[in-house]
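Biologist: Please take a close look at one chain of this complex. I would like its overall build, its domains and its contacts in a connected account.

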Amino acid sequence: MALSLFRRYPMEIILVCMYTYLMLAAPGFATLDNQMNVLRNITMQGIIAFGMTMVIVSGEIDLSVGSGVAFSGCVTAWVARALTDMLGPWPAITIGAIAAMVILFLVGVLTGKVRQHFNMPTFITTLGLLTVLSGAANLITDGFPITSFPFQFNFLGAGILFGIPFPVYIFAAVFGFVYFLMNYTSFGRALYAVGGNLEAARLSGIDVWKTKTLALGITGVLTAIAGVLIASQILSGSASAARGWELDVISAVIIGGTSLFGGKGTVRGTLIGVLFLGIIVNGMTLLNVSEYWQLVVRGGLIIGAVLLNHALDRSTVKH
Amino acid sequence: MSAIVETQGLTKMYGNVVALDDFSHKFEPAHIHALMGKNGSGKSTLVKMLSGVTQPTSGTMMLNGRQVEFKSPQDAFEANIVTVHQELSLVPDLSVTENIFLGRLPRTRTLGIDRINWGQARLQTEELFTRMGLNIDPKATISRLSVGQQQTVEIAKAMSFNPTLLLLDEPTSALATKEVEMLFGLLRNLKDQGVTMMYISHRMSELAEIADTVTVLRDGKHVGSIEMAASSLDTVVDMMFGDVARATRPARSTDISKKNPILQVKGLTRAPAFEDISFDLRRGEVLGLAGMLGAGRTEVLRAIFGADPHDAGEIIMDGQVVDTPAPGSMVDLGLGYTPENRKEGGLVQAHSIHNNLSMASLSKLAPRGIITKAVEAPGVAKQIEQLQIKVDSPALPVSSLSGGNQQKVVIGNWLNTDPKIMFFDEPSRGVDVHAKQQIFQIIWEQAATGLSSIFVSTELEEMLEVCDRILVMKEGRLLGEIDPSKTTLTELYTACMEGL
């Protein structure tokens, strides 16, 4: 009984155990302030991770999201600076944010098209884009953060609404959106089919390239949203924001049980993965574990989670 | 002359199934012995036992008069028996030399360092090629060679072990006519050097050209062995098939031949796979597309379905001209296709039976793109019942089902789209006898309700069993039409091999 429960919800149970331990052992972990702090810290990467789940389930990957966040923050700040005098701060910021979303959506679509027509793995295209977008962010800002936002803009990324950090609402909304897409739409079904067996999906009349391209595009938009939130949090567009996030995001997706080979994974699992990483980082900090050790533990976690999922998969097959 | 291989009462059982039954025969040295028989006749089992892949249940094998027992392929190998399998086993990105000496490249010591002696390796390859009369660059990368050349390298690799017995499992199945010529030249050359060969092929026409003797197996039994020079191909075909009892199709209530065509294909061409294919499929008809492996049957079906492009020709479906067919739009027009390999093209193995049964009908079930399990459930339940798919729960992965039930899931996935036309490409492959009959039953029942279908199978007796009308293809061309009720299996086989 207990074993079959563990087989079905391995990461959930480990997460609950870890959470309970930290409640008891880590000074300050159990306070409401700290809980909100954890939530706030995971939202940005979480928003992207939900999109990344779709991309990885469809059998592709997006390594460019870290630079994408910085880039979209810079675009928003740059547009805001250019248009504030003419339109006022809020319309200017809105236009900037929409511009960032549109650009990253198109970049995602382009990645999909390159995959389709030149058979270029998205691993390579987005690895290139990681550098391209970083360079573009620096070009826009000329290497210095653009501080063109009014301080009220800070609310979006750092404000509190009904006692909960504002970005958490966006995080929840994105989760609901992606959950719906993956479970209640034919697009979601197509994502799994395309990632599980491309040829079978194609012969079933599914537009496999549209499916993959759309997943990449949506992830682009979500990356831009995270970028705007970060820009709001630090009240500037900075080219050095979110450096290395792509690996955290992908780690969360993998810890959540999504297979890098495609066709298998859930956005619920990714939510667990995101919470897992957020809580462990916060807990270790509170326990005074050195930052270097934190890195070692986080890396080990990814390997451990994948090993565990594989072992459970194999034992389920036997049963 | 004493026999090189002699078997006595050789028998192989898989559970209760007899794969090879009491096989006793002597194979003369320095001959090319063809092994003939339909799929499942036991010829591969015989080869597997000779190459040590499986062990006989009873009976003995003698090699050069000494009794041998092969517990592993290594044992057979050490007795100088080498097998060339149907699938190439070369590493595409390595050179010819490296492939031939894979894992046993000659070594030398220089200054106390053990290193590969490349010069020696190339020299040995060149010697080997000269002996075999080959003209291939030992430094060439395998992937740059033609399939025929690759097959030759495969045989050269086998020859580098100096075998006394060479087992060849369908070495020509992937080759073009010219490459076959080259290969046969090589085999004759080897025979002159005293090598004995056993040769499995489905291509009848090759027998007269290359084989000295033909040993025919049917349902695991040794039907007989004959000298090729003294007999005709008809004799061999008769031996292969014997008297076949044919399942009878239920009588049709309407005369199919008077129905209007629902699908018209005119001059469909994609060189070199197929050329100038024209035919009509009538409403409610089960039309067969017969031919040997590589005749272009699957290629034609895939082109009509839009899975692959075509160069020229016209496709008219239900009176509507289809300019550029694509799977998505053809599904919308009412065409379904169960591909020849269900693992690669028909199913997502890791996904549930439920999801696999509604993969093709997603756009029909969810016109606005929003879908729930509840919307799909009726279709899933309907096919499980109608096709008698044995499942514990539709939530289980489809890979948990037997071959026959998996095939039914593929068919059910398509029936859920309410197709007007179905292409059944090898629906009976890897399916047990009972499930096979059920699948044919499904095809007939669907035809009775007005579904038109095209049926392709390598098993020709199935074609005669299932189809209202059969078109014969050979080397990418349509040769003509056959009425299955007036045709014997031997006649159909000869038509596919030699033309009408």
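Modeller: What follows goes from confidence to overall build, then to the domains and the contact with the other chain.

The model is predicted, and the predictor assigns the complex an ipTM of 0.78 and a pTM of 0.77. For chain B the average pLDDT is 85, and 96% of the residues score at least 70. Confidence within chain B is lowest in helix H7 of chain B (residues 204–210), with a mean of 78. At the other end, strand S20 of chain B (residues 452–456) has the highest value, 93.

As for secondary structure, chain B contains 18 helices and 22 strands. Its radius of gyration is 26 Å, and the globule rule gives 23 Å for 500 residues; the two values are close, so chain B is as compact as a globular protein of that length. Along the principal axes, a box of roughly 75 × 55 × 45 Å holds the C-alpha atoms of chain B. Buried residues make up 44% of the 500 in chain B. Among contacts in chain B with a separation of 6 or more, 69% are between residues 24 or more positions apart.

The domain assignment splits chain B into domain 1, covering 5–241, and domain 2, covering 256–498. Between the C-alpha centres of domain 1 of chain B and domain 2 of chain B there are 36 Å. Where these domains touch, domain 1 of chain B supplies 10 residues and domain 2 of chain B supplies nine residues. On the domain 1 side, the elements that give two or more residues are H7 and helix H8 (233–241) of chain B. H8(B) has the largest share of that side, with four residues. H7 therefore appears twice in this account: it is the element of chain B where confidence is lowest, and one of those that give two or more residues to the side of domain 1 touching domain 2. By residue type, the domain 1 side of this contact divides into three nonpolar, four polar and three charged.

The contact between the chains takes 25 residues from chain B and 19 residues from chain A. On the chain B side, two or more residues each come from helix H10 (327–333), helix H11 (342–346) and helix H13 (362–365) of chain B. The residues of chain B on this side comprise 14 nonpolar, 10 polar and one charged.

Conventions:
Residues are numbered from 1 along each chain as its sequence is written. Chains are lettered from A and ligands numbered from 1 in the order in which they are written. This is a predicted model: local features need pLDDT of at least 70, side-chain atom pairs count only at pLDDT 80 or more; totals for chains, interfaces and linings use all residues. The radius of gyration is taken over C-alpha atoms; the globule rule is 2.2 Å times the number of residues to the power 0.38. A residue is buried if 20 or more other C-beta atoms lie within 10 Å of its own, exposed if 12 or fewer, and partly exposed in between; C-beta atoms are placed from the backbone. Two residues are in contact if their C-beta atoms, placed from the backbone, lie within 7 Å. pLDDT is the predictor's confidence in each residue, from 0 to 100. Domain bounds come from an automatic or database domain assignment. Ala, Val, Leu, Ile, Met, Phe, Trp, Tyr, Cys and Pro count as nonpolar, Asp, Glu, Lys and Arg as charged, and the others, Gly among them, as polar.
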